[in-house]
Amino acid sequence: MSTPASKQIDSATLWGGKVSPFSMGYGKIMMWFFLVSDALTFGGLLTSLGFAKFANPETAVEWPAAEKIFTHFPFTHEHLPLLYVALMTFILIVSSVTMVLAVEAGHRMDKKGVVKWLAFTVIGGIVFLGSQVWEWKTFIAGPDGDISTWADNATLAYNSYGPVQYADYFFFITGFHGFHVLTGVVFNIIILINAINGTYERRGHYEMVEKVGLYWHFIDLVWVFVFTFYYLV
Amino acid sequence: MLRDDIIEYSLDAHHSEEEGKNKRKAIWKVTAILSIITALEVIVGVLWPKDDAGSAWEFIKWGYIILTVIKAGYIVMVFMHLGEERKAFRMMVLVPYIIFILYLIFHLLTEASYIGATWNQFRV
């Protein structure tokens with residue numbers, strides 16, 4: 001391995017000042033700090049979902065099981081519980097893989113490879129966003145599947161599937177995550193343009209791809225937890 | 001402006017073709033693991049839905065949670081390269097987060113079950 005962090009440096013030198021004890025660039029450390037705080041935000045949201053679920057009294061409307069609600073799949077009327085969410089999870093994992101391949105190509109100063117894998121990552125992110133739009137539309141339309149009849153549409157104030165809070169958490173958690181995906185796609189497009197223009201080639205390293213990559217992997221990481229705690233458990 | 005007091009660690013962050021090949025192999029291996037775990041979760045979810053699982057649900061639930069933590073570990077350690085950073089940094093990211101989040105989960109879920117029980121008692 002030839003990352004700076006794998007160099008053998010005795011700890012007296014490492015912690016003696018003048019060098020980063022972590023052998024990392026400033027930007028990468030700051031990205032990690034941001035991700036820790038963002039992870040606390042998402043952790044708080046998912047834990048409060050658990051709070052609402054456990055505090056939901058048995059005498060009130062029952063907390064719904066996700067596999068009874070998310071049974072639809074685009075272009076078919078088959079009953080396919082959770083399959084589309086699983087496909088979305090898979091799409092996000094694959095786009096995370098293409099991102100890590102872009103980072104790896106960057107370490108070899110392989111401009112073509114970075115551009116290719118980043119382009120795939122952008123496509124994966126856009127497909128995921130589109131899927132989420134479809135998912136929201138299907139959820140809002142309610143059990144009758146018709147979004148134009150407002151009789152049983154799910155909103156922040158009314159939920160035809162169960163407690164109102166269930167829909168509120170759906171909109172808030174997947175919406176907040178979707179907003180992260182949107183910003184991630186924008187960042188990916190920016191560094192893709194920079195990579196095509198040769199900005200990082202001239203700079204001598206592709207660390208910016210790695211930093212944005214950290215953010216993109218974090219989005220995948222959050223979705224793994226949303227998938228489990230919103231859809232499965 | 002060129003500053004000589006800042007060490008550009010990123011300039012050293014390169015690897016050869018040979019190392020790249022090994023890294024890509026590791027990446028595809030982790031991809032396979034993540035896909036298999038996701039597929040497993042969906043198959044279990046389809047075959048044993050929450051309402052039919054009965055008393056087995058507790059085991060299935062904890063199975064999901066453990067699989068999720070395994071997936072998260074692979075993403076953080078391999079995809080985000082946290083496993084390749086110095087131990088001090090790894091600990092600085094993971095330890096505070098894990099302590100905070102376990103504290104939050106413990107308190108919110110403990111209180112939630114009491115609040116639910118209270119609602120049940122007064123709203124008969």
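I27(B) sits in helix α1 (residues 17-47) of chain B. In this predicted model, I27(B) has a relative accessible area of 5%, under the 20% limit, so the residue counts as buried. What does I27(B) touch, once its neighbours within four places in sequence are set aside? The list is V97(A), V100(A), L101(A) and E104(A) from chain A, plus F79(B) from its own chain. I27(B) and F79(B) are 52 residues apart along the chain, yet their C-alpha atoms are separated by just 7.6 Å.

Now over to chain A. Its C-alpha trace spans about 65 × 40 × 25 Å along the principal axes. The chain has eight helices and zero strands, so to read it from the N terminus you just say "α" eight times: α-α-α-α-α-α-α-α. Of the 233 residues in chain A, 56% are buried. Take the contacts with a separation of 6 or more, and 67% of them turn out to join residues 24 or more positions apart.

Two helix pairs in chain A are worth a look side by side.

| Helix pair | Angle | Axis separation | Handedness of crossing |
|---|---|---|---|
| α2(A) (residues 26-55) and α6(A) (residues 164-197) | about 165° | 10 Å | left-handed |
| α4(A) and α5(A) (residues 111-141) | about 160° | 8 Å | left-handed |

An angle over 145 degrees counts as roughly antiparallel. With about 165° between them, α2(A) and α6(A) are therefore roughly antiparallel to each other. From the α2(A) side, the contact uses D38(A), T41(A), F42(A), L45(A), L46(A), S48(A), L49(A) and A52(A). The α6(A) side brings Q165(A), Y169(A), F172(A), I173(A), F176(A), H177(A) and H180(A). By class, this contact has nine nonpolar, five polar and one charged residue.

The pair α4(A) and α5(A), at about 160°, is therefore roughly antiparallel too. Their contact is made up of 16 nonpolar, nine polar and one charged residues.

Helix α4 (residues 83-107) of chain A is also home to S95(A). Is this serine buried or exposed? Its relative accessible area is 2%, which is under the 20% cut-off, so S95(A) is buried. The side chain of S95(A) makes a polar contact of 2.9 Å with the side chain of W216(A). Beyond its neighbours within four places in sequence, S95(A) is in contact with T121(A), G124(A), G125(A) and W216(A).

Finally, have a look at the backbone in two loops. Which phi value does S23(A) have? Its phi is positive, about 50°, although S23(A) is not a glycine. S23(A) belongs to the loop between α1 (11-14) and α2 of chain A. With 4% relative accessibility, S23(A) falls under the 20% limit and therefore counts as buried.

M109(A) also has a positive phi without being a glycine, with a value near 55°. You'll find M109(A) in the loop between α4 and α5 of chain A, the two helices that pack with their axes 8 Å apart. Where S23(A) is buried, M109(A) is partly exposed at 24% relative accessibility. That value lies between the 20% and 50% limits, so "partly exposed" is the label for M109(A).

Methods. Residues are numbered from 1 along each chain as its sequence is written. Chains are lettered from A and ligands numbered from 1 in the order in which they are written. This is a predicted model: local features need pLDDT of at least 70, side-chain atom pairs count only at pLDDT 80 or more; totals for chains, interfaces and linings use all residues. Side-chain values use heavy atoms; hydrogens and water are left out. Axes are lines fitted to C-alpha atoms, for helices over the stretch in contact, and angles run from 0 to 180 degrees between N-to-C directions. Helices (H or I, at least four residues) and strands (E, at least two) are DSSP runs, numbered from the N terminus. Angles under 35 degrees count as roughly parallel, over 145 as roughly antiparallel, 65 to 115 as roughly perpendicular and the rest as oblique. A crossing is left-handed if the near helix is turned anticlockwise from the far one by less than a right angle, and right-handed if clockwise. Contact means heavy atoms within 4.5 Å. Ala, Val, Leu, Ile, Met, Phe, Trp, Tyr, Cys and Pro count as nonpolar, Asp, Glu, Lys and Arg as charged, and the others, Gly among them, as polar. Buried means under 20% relative accessible area, exposed over 50%, partly exposed in between (1.4 Å probe, protein chains only). A polar contact is a pair of N or O atoms within 3.5 Å; within protein, one must be able to donate a hydrogen and the other to accept it, and residues adjacent in sequence count only if both atoms are side-chain atoms.
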